[in-house]
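Please open the model in your viewer and keep a selection box at hand. The stops below say what to select next and what is there.

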Amino acid sequence: MSKTGKAWVMAGPGQLELQEFPYPKCEDDGIIIKVEACGICGTDKHMWNGNAGMVDFPIIPGHEFAGVIEEIGPDYKKSMLMVDGTLDLKVGDRVILGPGTKGCGKCPTCLKYPDKPLLCQNRFRYGHSKVGEPPYFLGGYSQYIYALPDSWLFKVPDGMSPELAAMAEPTCIALRVVERAMEPGTPSTGHGFGIGKTVAVIGAGPIGLLIMAAFKHAGAGKIIAIDMLPKKLEMAQEFGADICINAKLSVEERQQMIMDSNGGELADVVVEAAGAPIAFKQAIDFVRRGGIVIEAGHFTDGGDIPINPYTICNKDCDIRGVWANHPVTFRDALNFMDRTTVPLEKLATHIFGMNDVPEAMKTAGGPDVGKVIIKPWE
């Protein structure tokens, strides 16, 4: 009997089907990875709920995965994009893939902004591509992943758990937030993010918590967490928050609490990580004059919110968006995850086996839920 592998196929919003596919042939420039763990991203949940915009169903979801090399082609070095110590690979090595291949180099974005392959109009993305022909396994809700040519590949540090390694992709988002707060150039006194600055993060979900941990690692002097759920604020304290504020309080009350804890000033940097339009408006309310607002919570269209342009002008503040990350950031994310004193493993609050993926999808995003992890061999 021919070898096969299982994968969950999202045929449309709310439709998940466990299917079996032929085990792929490993081409000379390819790599087959046995998936150890895959995280459920908020984008996956939005696709499941039918509010993620244009999705070409059916797909095998999942772009936050880690695994072990099952087969490796002799010419993989010619096709894979690798940095640091990931060049010499063998069967049994533990690896992660960036969620997308390199930029095409030909679209207007690639030609004008080659330093931002994440904005390429033709980039292949794992977990978002239509399934229908070999090698089939191109999403993390499966037992295998086929690493296509031009994929970014990274070794997992020794001793790192599969659950933690699977969180490298959202950790990259957190690191990109910190980088955006530092841009442009080197911060000087009173400008940009730097050591000792005060950062407020609205939303203590998985992304918000990772952002707090990243800012703590980068030297923030004070981190303020804002959320309406007590359990998430408790977790925020473990992830670096010095002050926790209940989002059910009025805007004025929250502004006063920030100023009381920060020498009479609002926050130097405010990050919106709640994914609610009203939170973006409040981020502008909570930033000091001359400060920076980072929008990191809306990877899908959550709707509109009225903003008074005068407030932005009067505060002379910068507003910066975050859309994915440069794949090289995975190297830095793995290094950060391996070195930080923040207990990142605690973020994985719910783990499900292969047969329970629909239940895992329903669980993700719940009020007392951190990161939901799928382990496809359990």
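## A phenylalanine pair

F193 has a relative accessible area of 1% and is therefore buried, where buried means under 20% relative accessible area, exposed means over 50%, and partly exposed lies in between, for a 1.4 Å probe and protein chains only. Before going further, note that this is a predicted model, in which local features need pLDDT of at least 70 and side-chain atom pairs count only at pLDDT 80 or more, while totals for chains, interfaces and linings use all residues. Residues are numbered from 1 along each chain as its sequence is written, and side-chain values use heavy atoms, with hydrogens and water left out.

Now add F215, which at 0% relative accessibility also counts as buried. F193 and F215 form an edge-to-face aromatic pair, 4.9 Å from centre to centre and with 75 degrees between the planes; rings of Phe, Tyr and Trp (its six-membered ring) pair if their centres lie within 6.5 Å, and planes under 30 degrees apart count as stacked, over 60 as edge-to-face and the rest as tilted. This pair links distant parts of the chain, since F193 lies in the loop between helix 5 (168-182) and strand 9 (198-202), F215 lies in helix 6 (residues 206-217), and the two are 22 residues apart. Helices (H or I, at least four residues) and strands (E, at least two) are DSSP runs, numbered from the N terminus.

## The ring cluster

A search of the whole structure finds 10 aromatic pairs. Select Y144 and W377 next: their ring centres are 5.6 Å apart and their planes stand at 80 degrees, so this pair is edge-to-face. Y144 belongs to strand 7 (residues 144-147) and W377 to the segment after strand 16 (371-375), so that the pair links parts of the chain 233 residues apart. Y144 is buried at 4% relative accessibility, whereas W377 is partly exposed at 41%.

Extend the selection to F21, Y23, Y136 and F137, which ring pairs link with Y144 and W377 into a cluster. Then show two lysines: K34 lies over the face of W377, at 4.4 Å from the ring centre, and the charged end of K3 sits over the ring of Y23, 4.2 Å from its centre. A charge sits over a ring if NZ of Lys or CZ of Arg is within 6 Å of the ring centre and within 35 degrees of the ring normal.

## The open sheet

Which order do the six strands of the open sheet follow? They run 11-10-9-12-13-14, with parallel pairing, and two strands pair if DSSP finds at least two bridges between them. Strand 11 (243-246) and strand 14 (318-321) stand at the edges with a single partner strand each, so one side of each is left without a neighbour in the sheet. Neighbouring strands of this sheet are turned by 20 degrees against each other on average, direction ignored.

Select strand 9, where five of the five residues are buried, so this strand is largely enclosed by the rest of the structure. T198, A200 and I202 point one way from strand 9, and V199 and V201 point the other way. Five bridges join strand 9 to strand 10 in parallel, and T198 has K222 as its bridge partner in strand 10. Strand 10 (residues 222-227) is joined to strand 11 by four bridges, again parallel, with D227 opposite N246.

Helix 8 (residues 251-260) packs on the sheet and touches strand 10, strand 11 and strand 12 (267-272), its direction making about 170 degrees with that of strand 11. Contact here means heavy atoms within 4.5 Å, while axes are lines fitted to C-alpha atoms, for helices over the stretch in contact, and angles run from 0 to 180 degrees between N-to-C directions.

## Cysteines and backbone details

Zero disulfides are found in a search of the whole structure, a disulfide being a pair of cysteine sulfur atoms within 2.5 Å. For C38, the nearest cysteine sulfur, that of C41, is 9.6 Å away. The sulfur of C120 is 3.6 Å from the closest cysteine sulfur, in C110, too far for a bond.

Finally, turn to the backbone, where a cis peptide bond with omega about 0 degrees joins F57 and P58, and another, with omega about 10 degrees, joins P134 and P135. D316, in the loop between helix 10 (309-315) and strand 14, has a positive phi of about 50 degrees although it is not a glycine, and D316 is exposed, with a relative accessible area of 61%.
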